[in-house]
Amino acid sequence: MLDISISKKEFANKIILENINIEIHKNGIYGIVGKNGEGKTTLFKCMLSLTSFEGKISFENEALKSQKALWCPTEPALYEELTATEFYDFYRELTSSTSNNSKMLFDVTENQLIKNFSTGMKKKTYLNAVFQNEYPIYILDEPFNGLDLEANYILVQYLKEKSKSSIILISSHILEILYANCESIFVIKDKKIVNFQKSDFQKIEEKLFQ
């Protein structure tokens, strides 16, 4: 079980999140929704201990360790003077991975410098790199940004398969993808969070924009 308890998170004396409690008891895909600035990325950074906060994050009754979770930020950092193949090798070294997965999720020109890639190709390269490893938790912040329709489809199918054995947390402004694939969706608004089950997804937009 993943247990997220954040009593308070603030920046410069401004409270961003308060009394956040999320319990996820089974594997599957879960959405995180909110307007810009509501704290979605901050929530993820709290989970990964990338920022300080008051509270605790636990997984399987222990403090969540960063090695247990994959993190894909909205704008992933890439070493653009490397080729895609070199970046994959670098990432394996960085994460001490023993994976030798030659089958990547996306087709990418492997011997071209990353700096010459389009935005979408850079995103595909990063996803190829991080998906070389297996994790019990996947945290993806706007993973569909920059991807075309086909790439979005491929990514969704991949995550659906992974969700059979892992917890997948996705923030996205593309609500239709979340509605179609999530077990439940957590809406962040005014520092608080509300959990919507599938039967209540039609109420999410009212909650967001009322």
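What is the volume of the largest pocket? In this predicted model, the largest pocket has a volume of about 350 Å³, and the views below start from its lining before turning to the sheet, the cores and a hairpin.

**View 1. The lining of the largest pocket, with strand S6 and Gln-67.** The largest pocket is lined by 13 residues, of which Ser-66, Gln-67, Ala-69, Thr-95 and Tyr-135 are the closest to its centre. Strand S6 (residues 69–72) gives the most to this lining, with 3 residues. Gln-67 belongs to the loop between S5 and S6 and, because its relative accessible area of 61% is over the 50% cut-off, counts as exposed. Although Gln-67 and Leu-48 are 19 residues apart in sequence, their C-alpha atoms are 9.4 Å apart in space.

**View 2. An open antiparallel sheet of 4 strands.** The strands follow one another in the order S2-S1-S4-S5, and the pairing is antiparallel. Strand S2 (14–24) and strand S5 (62–63) each have a single partner strand and stand at the edges, so one side of each is left without a neighbour in the sheet. Between strand S1 (residues 2–11) and S2 the antiparallel pairing extends over 9 bridges, among them the one that joins Asp-3 to its partner Glu-23 in S2. Helix H1 (residues 40–47) packs on the sheet, where it touches S1, S2 and strand S4 (54–59), and the direction of H1 makes about 115° with that of S1.

**View 3. The largest nonpolar core, centred on the contacts of Leu-155.** This core holds 41 residues, and those that touch the most other members are Leu-127, Phe-131, Leu-140, Leu-155, Leu-159, Ile-170 and Ile-185. Helix H4 (residues 149–162) supplies the largest share of the core, 5 residues. Once neighbours within four places in sequence are set aside, Leu-155 is in contact with Leu-105, Phe-106, Leu-127, Phe-131, Pro-143, Phe-144 and Leu-147. A second core, separate from this one, consists of 27 residues, including Leu-43, Phe-44, Leu-48 and Leu-64. In soluble globular proteins, nonpolar side chains tend to be buried together.

**View 4. The hairpin of strands S9 and S10.** Strand S9 (residues 184–189) pairs with strand S10 (residues 192–197) in the antiparallel sense over 6 bridges, and Ile-188 has Ile-193 in S10 as its bridge partner. The hairpin has 2 residues between the strands, and within this hairpin Asp-190 takes a positive phi near 55°.

Methods
Residues numbered from 1 in each chain as written. Predicted model: local features only at pLDDT ≥ 70, side-chain atom pairs only at ≥ 80, totals over all residues. Heavy atoms only, no water. Core = buried A, V, L, I, M, F, W, Y, C linked by side-chain atoms within 4.5 Å. Buried < 20%, exposed > 50% of the residue type's maximum accessible area, 1.4 Å probe, protein only. Contact = heavy atoms within 4.5 Å. Pairing = 2+ DSSP bridges. Axes fitted to C-alpha atoms, helices over the stretch in contact; angles between N-to-C directions. 1 Å grid on protein atoms, 1.4 Å probe; cavity = no way out; pocket = protein on both sides within 12 Å on 5 of 7 lines; lining within 4 Å. Points joined across faces, edges and corners; volume = space filled by probe spheres on them.
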